[in-house]
Each structure stands twice: as C-alpha cells, then as structure tokens.
Amino acid sequence: MTDLYPLPSILLVGCGKMGGAMLEGWLKAGLAPSVIIDRHMADLPAPHQIVRSIQDVPVDFTPDIVIVAVKPQKADPVLAELAQRFGQATLLSVMAGRTIASLHATYVQANAQANPVIIRSMPNTPSALGAGMSGLYAPPNATDQQKAHCDALLKAVGETVWVDEEGLIDSVAAISGSGPAYVFLLAELLEKAGAEQGLPTDIARKLARGTLYGAGCMLHTLPTDADELRRNVTSPGGTTAEALKIMMAPQAWPATTSAAIAAAVRRAKELAS
C-alpha cells in the first residue's frame, strides 16, 4: 500500500448487492489497481479493470487479496476455478455459512497444490456509504500483513470487529450482516402505522426515516447504553411508556427478536453443510 493507493489490490469475484456496496466504498477510498469479475457491470474507472470471467483476468495480475462475494450455494465452481489460478493467494470470504474448512477443501479438491490463507468476514450494505459494520475471523496461519490488508479494506467502508472463534461469524451475520434489513422493516412499519393514524404518506415516511437516523446517530456517538437511552425517552405514564408496554411484552419484541436472530444463525450453519 502507498500514499497514492492506501488500500491493497484486489480481485473481486461477485459484484452484486454486497460486493457492489463494498466496491463503491473502496473506489472512493483509493483502491490499488484491481480487477473486478462481473458479467453485468459496464465500466470501471482507470486503473481498474472489469472482466467477465476468471479466465479473462490478465495473466500478469497478482492481487494482494482475492475476495469472494458470490452466493454460498453457487460458490464451488468459482472456488475451483480460483484454485487453479490463485491457489496460493490470500482469500477473503464474505459468504455466510461457508466455513474455512469447507472452502479449503474445495480448493484442494480442484488443485492439490493449493494452499490459500482464508479469512472470513461479514460486512453489510451500509458499506456503500462508508457506514458499514464488519466482523472478521482469521485462522492461526494468517499473517499480520494479511489481516491488516483485510482490516484496511473493511475499515475503508466502515468499522470492524475481530472475533476469536470462527463460529461467531454466524452470529455476526445475524446481527450486523442482516441487521440493516431489520431496521428497514422497522421503517416500513413505522411509516405504515403513521399513515394508519392519519398522517400523509410522505410525512409518515419522513418522520420514520428521520427518527431512525437520529436515534442511530445517538447510539453511534454516545457511550450511553441503549437501555438507558430508551429510559431517557420514556416518561412514566406517558405515550412512549404506553407503546412500550406492547412492544416489550414477553412474547412481543423480546421473544421475537431472539427467535429471529437464532433463526438467522441456524440458517448460516445450514448453509455450511
């Protein structure tokens, strides 16, 4: 990495919702000359290149990090091709559920000489705005430089946390990886409820989104625990307390949120099998 390119060079395989969100942030942050594999993207700013397949990657291109951001269920043919060409490269996986052991086995099956160092991560779509939240796990054989490259990439699009056990990446996926969808659902429901109470649709939408933005800023900026921030808004016997009686009933948000996160973690483990 240099002053001109503070981020390492990458080969990005998969530029859908998640891959595209990260790429958008990396291009703004100063990505070293890189190659993106995508069948639909029309163009990329120089010095980066867009190609349609792994076979089209220039023969003289050696990325610092190979990033796989395809659907877990469709990864094996992609991994097999990568193993033939980039069998020794550092691999950063952003796929839910696929364990390091399963990824390594697919590599070795395709190329017995392959010996990649595989680091797992779970970013989220706010990365496109530089507001991502990513969890990472590195196995013991990962070097400090390999970890630093991956950390730099994901810090360029938000914040990072590292976990000490690979299995915890499934929990990261359920909380922050999928988390934006939960927030968007809350926005939908607040908008709908506002309209049901007589607010014009555009005003209900603005109120819901602005409120979530402001509350998120407080959570991000202040050191105060979330439960204390909630209590600060809740006057005894007031309107907020009346609403929270319903939301915080044992079988309401407390139960359904725990059940939803458990379901997401369970699905991540199913994807690994």
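The paragraphs below lead through a predicted model of a protein, going from its domains to the interface between them and then to some local details.

The domain assignment divides the protein into domain 1, which covers residues 10–166, and domain 2, which covers residues 178–271. If we take the C-alpha centre of each domain, the two centres lie 33 Å apart. The UniProt record, in an unreviewed entry, offers a description of its own, placing a feature named "domain: Pyrroline-5-carboxylate reductase catalytic N-terminal" at residues 10–97. In the model, this span of residues 10–97 is 28% helix and 19% strand, and its end C-alpha atoms are 22 Å apart. The record, again as an unreviewed entry, also lists "domain: Pyrroline-5-carboxylate reductase dimerisation" at residues 166–271. Over residues 166–271 the chain is 80% helix and 0% strand, with 15 Å between the end C-alpha atoms.

How do the two assigned domains meet? On one side of the interface, 9 residues of domain 1 take part, and they are in contact with 5 residues of domain 2. The size of an interface is often expressed as the accessible area that is lost when the parts come together. Here domain 1 and domain 2 bury about 470 Å² between them, and 65% of that area is on carbon and sulfur atoms. Within the share that domain 1 buries against domain 2, Gln73, Gly97 and Glu159 supply 49%, which is more than any other three residues. The residues on this side of domain 1 comprise 3 nonpolar, 4 polar and 2 charged ones. Between the domains, 1 residue pair is in polar contact, while the number of salt bridges across the interface is 0.

Salt bridges do occur in the structure, which holds 12 of them. Side chains of opposite charge can pair when their charged atoms come close. One such pair is glutamate 24 and lysine 28, whose side chains meet in a salt bridge with an N to O distance of 3.8 Å. Because these two residues, glutamate 24 and lysine 28, are 4 residues apart in helix α1 (residues 17–29), about one helical turn separates them.

A last detail concerns the backbone. Most peptide bonds are trans. The bond that joins alanine 46 and proline 47, however, is a cis peptide bond, with omega about 10 degrees. Proline 47 itself is found in the loop between strands β2 (35–37) and β3 (49–51).

Terms used. Residues are numbered from 1 along each chain as its sequence is written. This is a predicted model: local features need pLDDT of at least 70, side-chain atom pairs count only at pLDDT 80 or more; totals for chains, interfaces and linings use all residues. Side-chain values use heavy atoms; hydrogens and water are left out. Domain bounds come from an automatic or database domain assignment. Contact means heavy atoms within 4.5 Å. Buried area is the accessible area (1.4 Å probe) that two parts lose on being put together, summed over both. A salt bridge is a side-chain nitrogen of Lys or Arg within 4 Å of a carboxyl oxygen of Asp or Glu. A polar contact is a pair of N or O atoms within 3.5 Å; within protein, one must be able to donate a hydrogen and the other to accept it, and residues adjacent in sequence count only if both atoms are side-chain atoms. Ala, Val, Leu, Ile, Met, Phe, Trp, Tyr, Cys and Pro count as nonpolar, Asp, Glu, Lys and Arg as charged, and the others, Gly among them, as polar. UniProt positions are given in the numbering used here, feature names are shortened, and annotations may be inferred rather than shown by experiment.
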